[in-house]
Amino acid sequence: MQKLKNIFNKFLSFKFAPLIIFLIMALLMVSRQLWTHTLFFGADSLFHFNRFYDTAMQLKTGKFSYFQTNFGFMQTGRILSALYGPIIAYLGGAILLLCGSWFKFQIILNLIVLVIAGLTMYLLNIKNHVTRGYAILIAIIYMYSSQIVQWVTSQQFTAFGAALLPLLMISGTNAIRKHDVSVLGLALSMSLLIQTHLMSSMIGMLGIIPLFIVGLLTATDKWKLIRHTLYAAIITIFLTINVWYNLLFISATNKLLSVYPVPHLRTYGFNFNLYSIINIFKPTEAVLFLFVIGFVIYRWKQINLTTKTLTVTGIGFMLVSWSHFPWGIIQRIMPSLTYTLQFPKRFLVLPFIMILLSLGMIMTYEQANNHQFFHRKQWWRLLLVAVIIIGSLGLDFYSMNDRIYRYDQTAKGHNISNYHDSSLYYYFGKHHRNVKTDIYSKHLGYLMNDFIKASPDYMPIKHQIKGFKQYNAFNPYLLDYHQYIGKNSVTHFKHKVLHNGSLSVTWHSKNAKWTQVPLVKYANTKVTLNGNKLKKVHTTNLGAVIVKARAGKNRVTIQYQRDFMTRLMMVICMLSWLSILGYFIFSKIVTKL
């Protein structure tokens, strides 16, 4: 037994031991999917798959278009990735190309998200002086939490933000412990979040504000903390100019359809029902949370300020994410939260990070100070951790059963077109294919053309839609089907992407008539018909181009025109990242000298 213990301790001392452990645990999580050869489809799966497919084809063909989606979303030319995690979209596209099939891509991306979550949580614990063994255990628990596993089971993109958020929390805890922050550390962590998932960056910012306030109140040199935070904010602005400037400019020059506005915010908080227990806040996690909260109350006078602040802040955000929080009142005051925040349960990522970190700090402190509770025989502690990890994994596998069943039902689908079925449309029968062949095919476009979901988010509209009732009356999912999906499936439109980033559609018309083309027009989109630039372009209520076709062959070409300021902002963003990279390289060279 002692020999095994020595071998394990020697392995733990190895520099890359945490990475190896996290990779093994990540493989265990995706083992069910590997065994069943299943591709999990969640509500947003096809939305993100189309984003990654578009950038993958840009990289493959060399026909780049930062704004127009020329390959994904049935080649409609809509703007999406420029507003929604552009850097991650291109990274995902590169991974998709390397993987060569959708099944391999989902497995690899699942592993990447899980391992990154483990590494960032491990780093957060180490930076807060949690011992290596405990840091690894806390990181594994976080990897298996619902905040991360939601990507594996249902492709909820908030998991990408959750995987990176521990990096931002390092600055929050530094503000309390050191009364200072690393300027580049705070700037880079926030910039990564903004470039990945804007909502996660907003939640993260709200999460570290209480930590900064405590740090500021207890600091002797308050101006130093404020000054370094402001420096970090300025650098962040430059590093993320491509996201916020384009979002502001495109929103100002167009009326964009918002994402789905939920009818009641409180409905989408976590609750103590079966769904929440399996998918949002598992009993194993609740046990850990209750233990930490109880321990902090019991040892309030002995524990340090950082642990107290993290626990209290974590409890606060746990209450905020609860369905019984007064979200009804807040919704009446700020109705825009129904389509910006959408789901209060998103705040749960903060308690998960903060309270799990508190657990690691408590265990480290108690063991170091020779307290009896943490110095009893180790076997029961290891058994308890094993039960928690296995219990979480078991519930995750249980949740996967439903996904596997849905996949099997989808695989049997043939030529179904039903816009009342969660906006999903199946065209497997049209090309004599099925989902099983599509997910393994080297032709990545097969799945995109056979398995389609209406996704009207950020489409240009003529009148602003506010609130659930207006959105429901407008019925954009049905409009998306009729104006884009249906048009592409029943009319012989031929799409061609040109090297200058423009997108053209050709078709034959029996006679001269007004024709709606499945291409999107924004304020800065240039439209040409048969080689002639159109000064006035007619569009539908969801932005689809309408032209007067002539008898015979017709061609419509669209290209998003970037103005001088947009190009300047993109250049500034690239130069900012290159400057940061140059600074790190220069620092390494100077250090070696």
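Two strands are taken as paired if DSSP finds at least two bridges between them. With that in hand, the predicted model can be read strand by strand, beginning with a pair that meets this criterion. Strand 4, covering residues 503-509, is joined to strand 10, residues 552-560, by 7 bridges. The two run antiparallel, and within this pairing Trp 507 of the one has Asn 554 in strand 10 as its bridge partner.

Strand 10 also pairs with strand 6, residues 525-529, through 5 bridges, again in an antiparallel arrangement. Here Lys 526 is found opposite Gln 559 of strand 10.

These pairings belong to an open sheet of 5 strands, ordered 3-4-10-6-7, with antiparallel pairing. Strand 3 (494-497) and strand 7 (532-533) take the edge positions; each has a single partner strand, so one side of each is left without a neighbour in the sheet. As a helpful reminder when viewing the sheet, side chains in a regular strand alternate between its two faces.

Away from the sheet, a serine in a loop also deserves a look. Ser 336 sits in the loop that links helix 16 (327-333) with helix 17 (337-340). Its relative accessibility is 30%, and Ser 336 is therefore classed as partly exposed, a class that lies between the cut-offs of under 20% for buried and over 50% for exposed. Ser 336 is separated from Ser 13 by 323 residues in sequence, and the C-alpha to C-alpha distance between them is 50 Å.

Technical notes:
Residues are numbered from 1 along each chain as its sequence is written. This is a predicted model: local features need pLDDT of at least 70, side-chain atom pairs count only at pLDDT 80 or more; totals for chains, interfaces and linings use all residues. Side-chain values use heavy atoms; hydrogens and water are left out. Helices (H or I, at least four residues) and strands (E, at least two) are DSSP runs, numbered from the N terminus. Buried means under 20% relative accessible area, exposed over 50%, partly exposed in between (1.4 Å probe, protein chains only).
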